[in-house]
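Here is a walk through a protein model, written for someone new to reading structures. Keep the 3D view open and follow along.

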Amino acid sequence: MENTFARYLFNRFFTLFLTVFIAATLIWIIPRLSPVNPIDAMLGRMASGGGTIENSGAIMEQLMERFGFNDPWYVQYWLYIRNTLTFDFGLSTSSFPTPVAQMIGDALPWTIGLMMVALIITFIIGNLLGALMVWEHTPRPWKAVIPAMMVFTSMPPILSGLLLMYIFSSTLPWFPLNGAYSIRVEPELSLSFIGSVIHHGVLPAMSIVVVTFGFWALGMRGLMITVQGEDYTVLAKAKGLKKRYILYKYMIRNAILPQITAFALKIGMLVAGQVLVERIFAYPGMGKLLYDAILTQDYPVIQGVSFVIILMTALAVFLVDLLYPLIDPRIRLGG
Amino acid sequence: MSDPTNAAAPETAAPDMAGLTKRQLKRMKRFDNPWNNPKLIWGITLLMGIIALGIFGRIFWDTDLVFTGAVLPSQAPVGFENLRGQVGLASSPLGTDVAGKDLLALLIVGAPNSLYVGVLASLIGMSLGIFLGFTAGYTGGRVDDVIRVGSDVMITIPPLLILVVVQASFGDITLTMMSLLIAAFVWQSPTRLIRAQVLSMRESGYVQMARLSGASDRHIMFREMLPNLVPYLFGSFIANVTTSIVTAVGLEVLGLGPQRVPTLGRVIYDAIDSAALTRDMWWWWGFPTILLMVMFIGLLLINLGLDEVSNPRLRRL
């Protein structure tokens with residue numbers, strides 16, 4: 001048993017390592033296949049911003065050296081992998097000389113905060129609705145409304161985001177259109193700041209919740225159907241236990257396990273989708289950082305953000321793979 | 001529609017049907033053609049609507065109006081007013097954007113483009129998935145290990161982020177190139193699915209039988225196994241079309257899609273970029289959003305319908 005668990009652990013860890021490694025390599029190779037030289041692009045931007053540049057040849061040479069483009073490819077690759085794994089993504093070219101790692105560090109808490117809140121709300125609402133779809137004591141109107149709500153499942157969060165913005169921000173001025181907190185409050189640990197953050201976070205979080213809860217609901221529905229026919233549920237009913245007690249303690253409790261694995265895979269999709277939500281709400285997280293970097297062709301930032309998001313996804317999958325055997329003893333024993 | 005063998009069925013099963021309504025009993029008597037599924041038909045109708053828009057739009061409307069300055073800028077749709085109080089013109093029934101592009105023409109050209117990217121990417125991903133899934137499941141051993149780990153790894157990497165790096169480095173890109181790039185990220189789930197199915201089928205009676213009869217590997221894979229997988233493949237294909245369109249629209253909304261061809265995502269990008277929300281130009285982002293929703297709902301309905309066709313237990317009376 002120890003052996004199978006160790007093997008399982010090793011396999012998961014190997015996959016995690018390989019994922020991060022392949023992602024890092026892809027991010028390194030792709031820009032190098034491009035016909036456009038990043039230094040050219042940078043100088044072009046300088047020239048368009050500030051007129052002519054004196055002795056641009058020397059600057060170019062200096063920058064080529066500075067960014068290590070004169071080294072042979074294997075040296076460049078080795079340095080890149082070493083730096084990436086230590087979260088040293090170099091300096092931003094658009095807001096030179098801010099380190100990319102620092103920009104990511106500023107943006108990351110916003111993204112993680114928004115994502116976790118959205119994910120938790122989605123998980124609870126989705127699973128509850130999915131259970132209600134199957135439960136025989138669900139009020140009739142709910143039974144009709146919930147399946148219709150599943151239509152949203154198929155949409156990307158940008159569409160729901162646009163609609164929510166239009167309804168609750170443009171038409172009804174209930175929530176702010178963009179940003180993470182009001183410019184009138186100081187970013188400090190005060191009640192008005194926290195209130196402002198929540199006020200600004202409602203719409204972005206909602207636009208993610210609206211399109212992802214259906215995934216949980218449909219999954220939960222399938223699981224509940226199997227649990228519904230199990231002997232223990234029948235026994236619980238025969239014992240005359242309260243309906244709600246059976247729903248929560250007998251049915252949902254037993255059905256929820258596979259949903260927890262799906263949790264991790266969903267994080268991956270959520271992070272990528274959230275990049276777009278942040279872009280339309282101008283939310284100062286990773287998505288906005290990425291979008292701004294695309295606009296200014298800031299390669300180090302693009303690479304850094306992409307890498308960190310892929311790393312987060314891979315780590316989430318890995319962690320749930322680790323947690324799963326702890327939650328479900330059958331996996332631990334079965335190997 | 002009536003079938004003599006089916007008509008007798010309700011009577012024999014009558015004791016179990018006490019709880020059914022009259023309507024449900026009536027439906028029981030009808031010949032049960034699984035393809036006559038309302039969800040499937042609605043889904044296909046919605047997608048056909050998008051294709052029809054692309055075909056008939058090109059015939060009855062001038063698609064040259066997608067170019068900048070082709071029509072008066074910032075006009076509201078017919079029957080509405082823009083912020084300056086100008087009533088929408090009949091020459092641009094769905095309104096225009098700030099650069100003077102006609103919304104109707106943009107939709108006619110853009111909507112089929114999104115569908116094209118989705119279908120092409122999914123087709124390529126599917127073919128790759130079938131090939132790799134069969135190879136892994138049938139060959140086993142080292143090859144299987146490599147393919148399995150490879151798909152495990154690739155399923156974790158969000159396609160959008162790699163594609164952002166690709167597009168940012170290469171600049172402008174064609175629709176077909178974008179489909180090919182997206183295809184590189186949608187082969188994993190069909191591969192896994194087919195591999196798992198092939199593994200279980202490999203030991204089944206009819207495959208053993210075929211092998212004993214001296215059938216070639218290729219015959220076993222494509223004649224004996226593949227037909228059993230068709231329902232899964234269809235479901236997986238449709239799901240991948242959705243994923244591909246979502247990814248493509250995501251790239252376009254970040255401003256990284258094809259620059260020379262109108263796409264729905266690109267229209268939304270322009271709208272957000274020019275603050276269409278604060279200018280109250282709802283038609284600019286609203287119509288492409290509606291079309292995308294129609295597309296996604298259509299695909300979802302097709303998938304739900306196909307599920308019911310291949311799995312009779314899901315069907316309801």
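## Two chains of helices

Of the 317 residues in chain B, 43% count as buried, where buried means that 20 or more other C-beta atoms, placed from the backbone, lie within 10 Å of the residue's own (12 or fewer is exposed, and in between is partly exposed). A quick word on what you're looking at: this is a predicted model, where local features need pLDDT of at least 70 and side-chain atom pairs count only at pLDDT 80 or more, while totals for chains, interfaces and linings use all residues. Residues are numbered from 1 along each chain as its sequence is written, chains are lettered from A and ligands numbered from 1 in the order in which they are written.

Let's put the two chains next to each other. Helices (H or I, at least four residues) and strands (E, at least two) are DSSP runs, numbered from the N terminus. A contact means that two C-beta atoms, placed from the backbone, lie within 7 Å.

| Chain | Helices and strands | Buried residues | Contacts (separation 6 or more) joining residues 24 or more apart |
|---|---|---|---|
| A | 14 helices, 0 strands | 36% of 335 residues | 71% |
| B | 13 helices, 0 strands | 43% of 317 residues | 73% |

How spread out is chain B? Its radius of gyration, taken over C-alpha atoms, is 25 Å, well over the 20 Å from the globule rule for 317 residues, so chain B is more spread out than a compact globule. That rule is 2.2 Å times the number of residues to the power 0.38. Along the principal axes, the C-alpha atoms of chain B fill a box of roughly 75 × 60 × 35 Å.

How sure is the predictor about chain A? The score here is pLDDT, the predictor's confidence in each residue, from 0 to 100. Chain A averages 78, and 83% of the residues score at least 70. Within chain A, helix α5 (residues 100-134) has the highest confidence, with a mean of 87, and helix α14 (residues 329-334) has the lowest, at 51.

## Where the chains meet

Now look between the chains: 37 residues of chain B are in contact with 43 residues of chain A. On the chain B side, the elements giving two or more residues are α6 (141-156), α7 (159-170), α11 (217-253) and α13 (282-310). That side has 27 nonpolar, 8 polar and 2 charged residues. In this count, Ala, Val, Leu, Ile, Met, Phe, Trp, Tyr, Cys and Pro are nonpolar, Asp, Glu, Lys and Arg are charged, and the others, Gly among them, are polar.

## Inside the core

A nonpolar core is a set of buried Ala, Val, Leu, Ile, Met, Phe, Trp, Tyr and Cys residues joined through C-beta atoms within 7 Å. The largest one has 156 residues, and A:L290, A:I302, A:V305 and B:V164 touch the most other members. Helix α5 (residues 103-139) of chain B gives this core its largest share, 17 residues.

Zoom in on A:V305, which sits in helix α13 (residues 299-327) of chain A. Why is A:V305 called buried? Because 32 other C-beta atoms lie within 10 Å of A:V305. Leaving out residues up to four places away in sequence, A:V305 touches A:I104, A:M286, A:L289, A:L290 and A:A293.

Last stop: helix α12 (residues 264-273) of chain B, where 9 of the 10 residues are buried. Among them are B:R266 and B:D270. After α12(B) comes B:A275, with a positive phi near 55°.
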